[in-house]
Structure formats: C-alpha cells, structure tokens
Amino acid sequence: MSYKVLLKSLFESVLQEVRPQKLISQACFIKDERFYIHDACYDLRHYRKIHLLGSGKAVLPMMHAMQALLGTRLHQCVMVGAYHDQIPTQTCRYIQSSHPVPTEKSLEAARCFKSLFENFHEEDLFIYLLSGGSSAMLELPEAGISLEALQQATTLMLEGGLAIEEINSVRKHLSAIKGGKLGASTKATGIVLVLSDVVGDDLHAIGSAPLYCDTTTFADAIASLKSHNIFNQMPECITQYLTQGMQGRHHETPKNKPQHIAHYIIGSNDVVLQKTKALLIQHQIPTTILKDKIEGDAKVVAKHLYQFAQEHVGTFHAYLFGGEPTVIVKKGGKGGRNQHLCLHFLQLLDTHSQVTFLSAATDGIDGNSDAAGAVIDTNSSNIAAEKEIDIQSYLSHFDSHTYFTKTGEAIVTGATHNNLLDIMILLIEPN
C-alpha cells in the first residue's frame, strides 16, 4: 500500500472516530435522573420542561444521540441543519436551512428559535446542540438590513479571504440573535454542547455565539472589512448600520457571559489530531502534532509547509497540522481551501523530496466541491505530466477540484454531518 492510499484511508477512519454520536456518548450520561457533562451535574427533576434544540452541520447525529439519552423526558425537539434528511415529525421538527450563504430558510429558523426562547419558562431547561455552519443557517438581520444585502455581504467576505472570526464579528453586529442576543432573550437554564469549528475553540466565535457573549465591537467589524479592502464594496445599508453602531446609535452585542447558560466543548480539532496520531502510530509511523494552528492564505501556508518539509527531509516521520487556511477567490473555479492548498504545495514539490501530503475538511465538503480535500506525493507531478495537465492553469482559475478529479487524487467522503476544522498530514517518507 502506498503512503498516499494509507493517509486517505486513515483520514476516513478518523472521521468515524470523531462522529458526533460517539463524542456525545463519551461526554454525557444520565444516572439517577441526573445529567452529567464533564464535571457538571444537572438534576433533571428540578425542571418543569426539557427542550432539545440545535443548529449546525452536525445537528442531526448529535440529536439522535441526545434523543436516545433523554428519551421521554423531552418536551420538544427542534433542529436546524443544512442537509435534506427526513425526520419523523412526532419526534422532532427539522428546518432545513442554508450554508454558507443565508436564505429565507435561515430567517424562518431564526424567527422560530427567537419565539421559542422568549417563551421559555424560568424553570425550564434547554439543551442546545451547536456545531459549525450555524452562523448561516440561523439568521435574523437587524432592522434596516435586507436579506439580499446580507447575502451579498456574506459572499464578499467568503471570497475575500477573511478568517471565520473576522466574518463572525461582522455577522454578530448585523444580527438580532447572534453575539449572545438569543441567550439574553430567556431566563431558562441552558446547556450548550459544542463541536468547535474555530481555531482555539473560542466560544465567542463558534456559530457566531448566539447563546454566549461577544468581545468584538462595531469598530472591530469595520476594521476587519477594511483590512481586506471590501468595506466599500458592502451594500450601503450595511456600511451605514455598522458606522452608526460605531457612533453609538445602535446597541452593542452583550459583553457578559450569561450565568444561566453553560457551554461545554465536546469535540474540537485537537480531538481530530489526537485520533489521527493514534492511528498513525498503530501503523508504526512516528508522529508529532504541531501546536501552531494553520491560518491565513493557502498559498502562503503552502510555502511554509514546504519549507518545513525541506527542513525535515531524511527522517521518517509524520507531522500533523490543524486549522483552516483561507482562499481569496478571484475567478470562479471549483474547489476549496484544502484542494487549493494541496495544489500550491504540489507546485513547489520537487521529484527528489520523498513527501506525501494530505489536506482535508472534516465536514467532507471543501468549498464549492463535493470533495473533502486531496492527497498528493512526489509522483503527483508525473501524473500531471502524463495527463498533460498544467498545474498553474488550474491554480490561476481556482479550479483545484477539476484538477484533482482528473488526477484521481481528490478525497471524496460525502457530507460527514460534522465540522471540526481541517487536518493536514505531512509525511516525510524514508529515503
């Protein structure tokens, strides 16, 4: 088995190890009518009603695990996700929403949740399942901001290379439910089970923090847009709203963590890296996890990773990186940050360096393609030459998925109903 085939197989095995159902079963249990999560305990007999809610890419498998755990104790179940799944109406209401750009479905979902939270009783308990992708699926613009304007702004930010924290700082200040606003609308006790899709597991950023609080300001949101030269491209109603907010004419997002709502991270990129390391070691491959998370433009990241590989050539070892690079899209090809990163890395790779490199998204969907990512090795450039494929042409057209489809190096897993950032495996092969 080639190392390229091995790494692809290992990635698929890791996805099974970090399934949301498995992570919940490892973190939560009920004994004597007490719900235990990490070091916390909730006596379920003290609550009038128990509500199960959630939003994000992983919401359905998380829901199935919690339904099995809570059983008939549940009063109601309402979930918001991006995938088309048939759920019996007698067990849960499911709103299929949109990602990564909000639509009318996103507004429908947000209005539903806003109404639910405002009507919860103080003696109720809600358990909220939060995962990546929630920001787009659950949206309610502030007064004066149209859905069309929000869609245009979202597209500009996604294609402008903004980090997710920067995008969410803008989203929180344009939304009536993000940045802790939804949590502030109820006095009910809340438990939020979180699958983190942001670097550093920052609860202020995950899902745009509808039930937590916010450390960013209107000024920060404007600064993020200006630093990427897209503030003046934003719809007028958005630039006007943000400017007025900076002038104190709109309320800031809540800055204090709610005392009645507790957040618990049950899955993260670090978990993915640890599971990957364990599998590599099982295959007798020495492995190191690099602590610094991958961020920034994919082209720059590729250069740094290639330089790292050159510095470590000669010693059989696997190095693991986690995080989420960004891509500034200038032409409308097909692909995503992981495949774009692999293509940039391949362009640098010479035929003398014995290296295998994988980069893939744990949600199974890289950008606007149906692949999770790609895996390449020293022989990849020979494959391209045999097929008469010009790497630079596909790079310049941001068409990495078409390239890797032609070479057979794309990793296709399908949507995983999960989202724990991306993983990169850099394997320095023995000479």
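Here is a chat between a colleague and a modeller about a predicted model.

Colleague: To get oriented, how many helices and strands does the chain have?
Modeller: Remember that we're looking at a predicted model here. Along its principal axes the C-alpha trace covers about 65 × 55 × 35 Å. As for the secondary structure, the count comes to 15 helices and 15 strands.

Colleague: And what is the radius of gyration of the chain?
Modeller: For 431 residues the globule rule gives 22 Å, and the chain comes close to that, so it is as compact as a globular protein of that length. The radius of gyration itself is 22 Å.

Colleague: Let's take the open sheet of 3 strands; which strands stand at the edges?
Modeller: The pairing there is antiparallel and the order is S1-S2-S3. An edge strand has a single partner strand, so one side of it is left without a neighbour in the sheet. That fits strand S1 (28–31) and strand S3 (40–43).

Colleague: By how many degrees are neighbouring strands of this sheet turned against each other on average?
Modeller: We're still on the sheet with the order S1-S2-S3. Ignoring direction, the average turn between neighbours is 20°.

Colleague: Which residue in the hairpin of S2 and S3 takes a positive phi?
Modeller: Strand S2 (residues 34–37) pairs with S3 over 4 bridges, in the antiparallel sense. Ile37 has Ala40 in S3 as its bridge partner, and Phe35 stands opposite Tyr42 in S3. The hairpin has 2 residues between the strands, and the one with a positive phi, near 50°, is His38.

Colleague: Now the helices on that sheet: which one runs at about 10° to S1?
Modeller: Helix H2 (residues 20–27) packs on the sheet and touches S1 and S2, but its direction makes about 45° with that of S1. The other candidate, residues 59–70, lies across S1 and S2 at about 10° to S1. That one is helix H3.

Colleague: Over to the open sheet of 6 strands; which strands have a single partner strand?
Modeller: The order is S10-S11-S15-S12-S13-S14, with mixed pairing. The strands at the edges have one side left without a neighbour in the sheet, since each has a single partner strand. Those are strand S10 (287–289) and strand S14 (410–411).

Colleague: In S13, what is the bridge partner of Ala360?
Modeller: Strand S12 (residues 355–361) and strand S13 (residues 373–377) pair in the antiparallel sense over 5 bridges. In S13, the partner of Ala360 is Gly373.

Colleague: Which helix lies across S12, S13 and S15?
Modeller: Helix H11 (residues 298–312) lies across strand S11 (317–323), S12 and strand S15 (422–428), at about 30° to S15. The helix across S12, S13 and S15 runs at about 160° to S12, and that is H12.

Colleague: Finally, the largest pocket: which helix gives the largest share of its lining?
Modeller: The pocket has a volume of about 1200 Å³, and 49 residues line it, with His99, Pro100, Leu158, Arg337 and Gly367 nearest its centre. Elements giving two or more residues are helix H5 (134–137), helix H6 (147–159), helix H7 (164–174) and helix H12 (337–348). The largest share is 5 residues, and it comes from H7.

Colleague: How many residues of that lining are charged?
Modeller: The lining of the largest pocket includes 17 nonpolar residues and 22 polar ones. The charged residues number 10.

Terms used:
Residues numbered from 1 in each chain as written. Predicted model: local features only at pLDDT ≥ 70, side-chain atom pairs only at ≥ 80, totals over all residues. Heavy atoms only, no water. Pairing = 2+ DSSP bridges. Axes fitted to C-alpha atoms, helices over the stretch in contact; angles between N-to-C directions. Contact = heavy atoms within 4.5 Å. 1 Å grid on protein atoms, 1.4 Å probe; cavity = no way out; pocket = protein on both sides within 12 Å on 5 of 7 lines; lining within 4 Å. Points joined across faces, edges and corners; volume = space filled by probe spheres on them. Nonpolar A, V, L, I, M, F, W, Y, C, P; charged D, E, K, R; others polar. Rg over C-alpha atoms; globule rule 2.2 N^0.38 Å.
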